[in-house]
Amino acid sequence: MSTETTALSAAQDSVEPVIGLIGGSGLYDIDGLEDKQWRAVETPWGQPSDQLLFGRLGGVRCVFLPRHGRGHPIPPSRLNYRANIAALKMSGVTDIVSLSAVGSLKEELPPGHFVIIDQFIDRSFAREKSFFDTGCVAHVSVADPLCPRIGDVLEGAARDLKLDVTRGGTYLVMEGPQFSTKAESSLYRSWGCSVVGMTNMPEAKLAREAEICYATVAMVTDYDCWHPDHDSVTVDAVVKVMMANADRARALVKAVVPALGRPRGLCPAGCDRALEHALITAPEKRDPALVAKLETIAARVLSRG
Ligand SMILES: CSC[C@H]1O[C@H](OP(=O)(O)O)[C@H](O)[C@@H]1O
Ligand SMILES: Nc1ncnc2[nH]cnc12
């Protein structure tokens, strides 16, 4: 390789991170952001849940999106997951930290506990799950659906802050909006799942298609409905625990953003190169209208033809 080519690929491989923060139930704003500004972002997939909040934390560029919109008007099945992820990608986001309220499926994960998720079982069924479609087909790997590099940073910060945290756990994504039956809750427990929630899929799959590193902090708010010594989950109970969790969630965000924002090389886990070998439709068979939409999330690979 010539010196010129080496310098060029080194430049392409260096990342100035922009941190995306997706706030779940109870987290509709982020405090401590400097130069903050709510701005509407239109995408070829429609409107995201709300305007996005742009700003800086410790000098690092951040973009916050309240997943359900401010005031929580949108239920999990009606979220425009594609628009949410496309809006973050179009805003330059390279790394997403998803913050979510979840029910616990294990005795040892009580309300107030944080779990840095490493796997999902996706039982959602009434959602658009891919940016790709007839006219441009792609199959990305989601064998490891969460970014371990961001997971390491989250774990280190959570331990420094002395939060009750577990590294690793499977998040069962249900369709909702009703909470689970006791039979469903027992089934998920028998599968070894750690927590249950309604939102992180297809969000994580779409982030992978958009080549954005994605990690989830699941904040336990309840024992769902399986625990003999605890009442079945209600929204009131979730909101109450989330209020108590909110300060810890904000402290964690403040701690991780400066570390995640340091200039770095490509993600060692390859999340940011997920489309490298994923496109299968021959260039001459691609639908130009779909390709034009995909330019917002997959320009890196589409430009090769
Ligand atoms: C308000 S309880 C149910 C609701 O909370 C979780 O949302 P998020 O992941 O955005 O915090 C859960 O998935 C449900 O959408
Ligand atoms: N028990 C539960 N089931 C689904 N989503 C939740 N979000 C918070 N608690 C939940």
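The end C-alpha atoms of residues 19-257 lie 7 Å apart. Helix makes up 27% of this span and strand 26%. The UniProt record, an unreviewed entry, lists these residues as "domain: Nucleoside phosphorylase". The model itself is predicted.

**Where ligand 2 sits**

Ligand 2 occupies the largest pocket. Three elements each give two or more residues to the shell around ligand 2: β5 (95-104), β10 (195-197) and β11 (213-222). Of the elements, β5 gives the most, with three residues.

**What surrounds ligand 2**

The shell holds 13 residues. The closest are A101, G103, T221, D222 and D224. By type, the shell divides into eight nonpolar, three polar and two charged residues.

**Polar contacts**

Which residues place polar atoms at 3.3 Å, 2.7 Å and 2.8 Å from a nitrogen atom of ligand 2? The table gives them.

| Residue | Protein atom | Ligand 2 atom | Distance |
|---|---|---|---|
| G103 | polar backbone atom | nitrogen | 3.3 Å |
| D222 | polar side-chain atom | nitrogen | 2.7 Å |
| D224 | side-chain N or O atom | nitrogen | 2.8 Å |

G103 takes part through its backbone. D222 uses its side chain, and so does D224. The protein buries 94% of the 260 Å² that ligand 2 exposes when taken alone.

**In brief**

Ligand 2 lies in the largest pocket, with 13 residues around it. Eight of the shell residues are nonpolar. Polar atoms of the D222 side chain, the D224 side chain and the G103 backbone face nitrogen atoms of the ligand at the distances in the table.

How values were computed:
Residues numbered from 1 in each chain as written. Chains lettered and ligands numbered in written order. Predicted model: local features only at pLDDT ≥ 70, side-chain atom pairs only at ≥ 80, totals over all residues. Heavy atoms only, no water. Near = heavy atom within 4 Å. Polar contact = N/O pair within 3.5 Å; in protein donor to acceptor, adjacent residues only side chain to side chain. Areas by Shrake-Rupley, 256 points an atom, 1.4 Å probe, with all protein chains shown as cover. 1 Å grid on protein atoms, 1.4 Å probe; cavity = no way out; pocket = protein on both sides within 12 Å on 5 of 7 lines; lining within 4 Å. Sits in = over half its atoms within 2 Å of the grid points. Helix = DSSP H or I, 4+ residues; strand = E, 2+ residues; numbered from the N terminus. Nonpolar A, V, L, I, M, F, W, Y, C, P; charged D, E, K, R; others polar. UniProt positions renumbered as here; feature names shortened; annotations may be inferred.
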